[in-house]
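Grab a coffee and open the structure viewer. Here are a few exercises on empty space and helix packing, each with a worked solution.

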Amino acid sequence: MIDTAFWLTTLVVSITILLWALARLPEYLTALLFFAAAMLLSIAPASSVFSGFASSAFWLVLSGFVLGAAIRKVGLAQRWANWLVVPFSQSWPRMVAGTVLLSYLLALVMPSNMGRIALLMPVVLALGERAGIRPGSRGSIGLALAVGFGTFQLSASILPANVPNLVLSGAAESAYQLHLQWLPWWLLHMPVVGLGKGILLVACITLLFRAQPQPVATREALPALSGREWRLIGLLAVTLLLWMTDSLHGLSAAWVGLAAACLCLLPRVGFLSGDDFASGVNFRTCIYIAGILGVATVVVDSGLGRLIANALLHLLPLHDSPSFSNFAVLNALVTLLNFVLTANGVPAMVTPMAQELAAASGFPLLSVVMLQVFAYATPLLPYQASPIVVAMGLGNVPARAGLQLCLLVFVLSALLLLPLDYLWFRLLGYA
């Protein structure tokens with residue numbers, strides 16, 4: 001028997017997701033309304049409702065804002081942009097493609113989505129300004145979205161570069177003793193989720209957010225690096241090194257980033273004043289992220305996610321032999337769950353069900369585990385992927401613009417890339 005608290009949880013979660021999807025209210029206000037409703041109606045303990053504030057993702061977002069503000073304040077963003085502006089500014093497609101490529105190359109060495117966005121965003125926006133793209137213009141919005149979408153969606157093809165990947169890997173190991181490895185993962189997902197999605201993303205951004213950069217023939221002559229710039233480069237180098245070697249020392253990327261942010265804010269030693277902190281950190285986005293994570297935790301802890309997953313499992317039109325229709329249906333299942341669990345929560349819910357899904361669809365267990373990647377890396381709405389939300393906050397991207405790109409990329413991915421993904425699975429013997 002389902003009790004009243006369960007129905008209240010379903011109501012609160014449904015309204016919250018609907019408000020985020022429709023964007024009728026500011027995202028942070030919807031998050032605050034969720035917090036208020038959840039606590040007034042006692043649908044979950046405070047530890048679940050406010051779990052987003054205790055999450056490493058929240059603190060990585062906050063520290064990312066601080067590091068980005070420091071990079072802009074001391075002038076490193078402008079200096080790095082000056083090195084890139086000549087090759088990138090020759091055309092708008094080249095500028096977008098270069099930005100997406102940078103986001104992917106950085107994912108090969110740096111595991112944190114949020115950290116990569118924090119480093120890239122000020123550089124890319126400064127690059128746009130150097131090429132005559134005004135802040136707040138359609139071109140500037142397109143560059144910010146190239147950083148966010150490129151960082152999250154393409155990095156799903158690299159095992160340690162994406163939080164949902166790590167969740168999936170851990171769940172597969174604990175549930176089935178499947179030890180997923182870097183190279184097989186990359187070979188399976190890079191051609192479609194990496195290369196194919198990258199080409200599609202560049203095409204969509206150049207189509208939706210047209211701009212005309214002013215070609216720059218020579219780099220601007222800049223003064224030698226100042227002491228403050230050298231100190232910040234040293235801090236960023238140490239931070240990046242610790243992020244890259246997190247598997248060796250065990251320190252979370254969030255706490256490394258938080259320590260770096262604290263150093264940036266220290267009097268005399270740091271680079272930012274209290275006013276810089278207040279203006280440089282987008283607290284609206286931080287609250288939004290905490291809300292997304294809180295909703296996902298409440299859904300899992302209340303059993304709502306499991307109930308939805310089991311109900312969908314019985315409704316899925318699966319056949320007992322592997323086929324493209326089964327492949328598409330399983331991707332649709334992950335996409336539907338992405339609405340309530342968001343990308344970080346989907347693999348934690350779907351992976352333990354993979355054995356039943358494999359039996360119903362005829363696919364091998366490993367194939368069912370791995371096909372989730374395409375679906376959670378292709379969100380229908382921005383709130384389903386917190387790195388995209390963070391990028392939109394850092395780049396001052398209107399909600400409508402992010403929604404437009406999300407919808408277009410999703411539809412074209414389903415029509416063009418999903419069949420290619422299935423064919424690649426078959427070619428490698430996964431289907």
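**Exercise 1.** What volume does the largest cavity have?

*Solution.* Keep in mind that this is a predicted model. Start with the search of the whole structure, which turns up 2 cavities of 30 Å³ or more. The largest cavity comes out at about 40 Å³. Next, look at its walls: Ile-292, Leu-293, Thr-342, Ala-343, Asn-344, Tyr-383, Gln-384, Ala-385, Ser-386 and Pro-387 line this cavity. Helices α16, α18 and α22 each give two or more of those residues, with the largest share, 3 residues, coming from α18. Sorted by class, the lining has 6 nonpolar and 4 polar residues, and no charged ones.

**Exercise 2.** Which element gives the most to the lining of the second largest cavity?

*Solution.* This cavity has a volume of about 30 Å³. Its lining includes Leu-330, Leu-333, Val-334 and Val-350. The top contributor is α18, with 4 residues. As for chemistry, the lining has 7 nonpolar residues, 1 polar and no charged.

**Exercise 3.** Work out how α16 and α22 run relative to each other, and who makes the contact.

*Solution.* First, take the geometry: the axes of α16 (residues 283–302) and α22 (residues 386–394) come within 10 Å and cross at roughly 170°. Angles over 145 degrees count as roughly antiparallel, so α16 is roughly antiparallel to α22. Then find the touching residues: α16 brings Thr-285, Tyr-288, Ile-289 and Ile-292, while α22 brings Ser-386, Val-389, Val-390 and Gly-393. Finally, sort them by class: 5 nonpolar, 3 polar and no charged.

**Exercise 4.** Describe the two largest pockets, from volume to lining.

*Solution.* The largest pocket has a volume of about 610 Å³. Out of 32 lining residues, Ser-55, Ser-56, Ala-57, Val-163 and Asn-344 are the closest to its centre. Elements supplying at least two lining residues include α5 (56–74), α16, α18 (324–350) and α22. The class tally reads 17 nonpolar, 13 polar and 2 charged.

Now for the second largest pocket, with about 400 Å³ of space. It has 21 lining residues, and Glu-27, Tyr-288, Met-392, Val-397 and Ala-399 sit nearest the centre. Two or more residues each come from α1 (4–22), α2 (27–40), α16, α22 and α23 (399–427). By class, that lining splits into 15 nonpolar, 4 polar and 2 charged.

**Exercise 5.** Which element has the lowest mean pLDDT, and which the highest?

*Solution.* For the protein chain, the mean pLDDT is 87, and 98% of residues reach 70 or more. Going element by element, α13 (residues 246–249) is lowest at 74 and α23 highest at 96.

Definitions and conventions. Residues are numbered from 1 along each chain as its sequence is written. This is a predicted model: local features need pLDDT of at least 70, side-chain atom pairs count only at pLDDT 80 or more; totals for chains, interfaces and linings use all residues. Side-chain values use heavy atoms; hydrogens and water are left out. Axes are lines fitted to C-alpha atoms, for helices over the stretch in contact, and angles run from 0 to 180 degrees between N-to-C directions. Angles under 35 degrees count as roughly parallel, over 145 as roughly antiparallel, 65 to 115 as roughly perpendicular and the rest as oblique. Contact means heavy atoms within 4.5 Å. Ala, Val, Leu, Ile, Met, Phe, Trp, Tyr, Cys and Pro count as nonpolar, Asp, Glu, Lys and Arg as charged, and the others, Gly among them, as polar. On a 1 Å grid over the protein atoms alone, a cavity is a set of points where a 1.4 Å probe fits but cannot get out, and a pocket is an open set with protein on both sides within 12 Å along at least five of seven lines; lining residues have an atom within 4 Å of a point. Grid points are joined across faces, edges and corners, and a volume is the space filled by probe spheres set on the points. pLDDT is the predictor's confidence in each residue, from 0 to 100.
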